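This report looks at pairs of aromatic rings in a protein chain and at where their residues sit. The overall make-up of the chain follows at the end.

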Amino acid sequence: RSLASTLNTNKQKGEDFRGASPNMFVSHAPIVVAAVCADGVVLIATHPPSPDIMSDDDGGSTEGDEEETVRSLPSDYIGPLRIHPIDSVGSAIATCGWKADGELLAKKCRTLAAAELDRLGSPSPSFEYGNLLVRETAFWLAQREVSAARRGLSCVGLIATAGSASTPGFLWLVDATGHYQVRACSVGKSAKEVNQRLRKLDFSTDSCDTCVEKLLELLTGQGESEDDSSEKDENDGDDEAAGDGWKLAA
């Protein structure tokens, strides 16, 4: 192929990626939330008590092809088993998106961790080890996204890795665009509203148990501040349009 043809093709691909919308399997999935606290990292994966968007009932109307596609997902898509261990030193991943793809992503993380174990022996909990794991995972996701032979995965991951006594743990958001270290993050349905509230919370001095309580209060709406409540009242229409979201089920 000529250089001009290659450049034109790459330019078109870049324009396609810039105009891409968020993956519908991730944006419609039950919310996943995680946070780094004083003695570790907390991962929470929710599931709705009644799977309305997965319902087989065709009595209600749907808008657009995306809603119809999500409605047609298999019933086992919504299960709570979306937090997977990665290695023997405490690393774990919480996946958000299509459950089958999430299990494939978790399996790849375990494969990468096992390869590191074979190469260097048992890894010691550290930022370097966690950064290596998430970097390789993000690279693999990106390779699938641009591959002509394999499809990209309809999921993202929140990966937690163990640290040292001074820094008990690390948290990364990983997808096909890269890996991003975060102190707290949520992904999935209604994640935008939850992330706005997470930015106002500090978990750095909280134990894991306290952090879990705060996150559960946040997810059930009991952890709203006065500013959040007033902002919600002003944007009732927007919240309703965004979907009255997931509900936390025991």
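## Aromatic pairs

In this predicted model, the count of aromatic pairs comes to 4. One of them joins F127 and W172: the ring centres are 5.8 Å apart and the planes meet at 40 degrees, a tilted arrangement. F127 belongs to helix α5 (residues 127–146) and W172 to strand β6 (residues 169–175), so this pair ties together parts that lie 45 residues apart in sequence.

W172 also pairs with F170. Here the centres are 5.9 Å apart and the planes are at 40 degrees, so this pair is tilted as well. Together, F127, F170 and W172 make up one aromatic cluster.

Are the residues of this cluster buried or exposed? The table lists each residue with its relative accessible area.

| Residue | Relative accessible area | Class |
|---|---|---|
| F127 | 31% | partly exposed |
| F170 | 10% | buried |
| W172 | 1% | buried |

F170 and W172 count as buried because their values, 10% and 1%, fall under 20%. F127, at 31%, is partly exposed because its value lies between 20% and 50%.

## The chain as a whole

The protein chain has 9 helices and 8 strands. Of its 250 residues, 41% are buried. Contacts between residues at least 6 apart in sequence can be sorted by separation: 64% of them join residues at least 24 apart. The accessible surface of the chain is about 13,700 Å², and carbon and sulfur atoms account for 51% of that area.

Note on methods. Residues numbered from 1 in each chain as written. Predicted model: local features only at pLDDT ≥ 70, side-chain atom pairs only at ≥ 80, totals over all residues. Heavy atoms only, no water. Phe/Tyr/Trp six-rings, centres within 6.5 Å; stacked < 30°, edge-to-face > 60°. Helix = DSSP H or I, 4+ residues; strand = E, 2+ residues; numbered from the N terminus. Buried < 20%, exposed > 50% of the residue type's maximum accessible area, 1.4 Å probe, protein only. Contact = heavy atoms within 4.5 Å. Areas by Shrake-Rupley, 256 points an atom, 1.4 Å probe, with all protein chains shown as cover.
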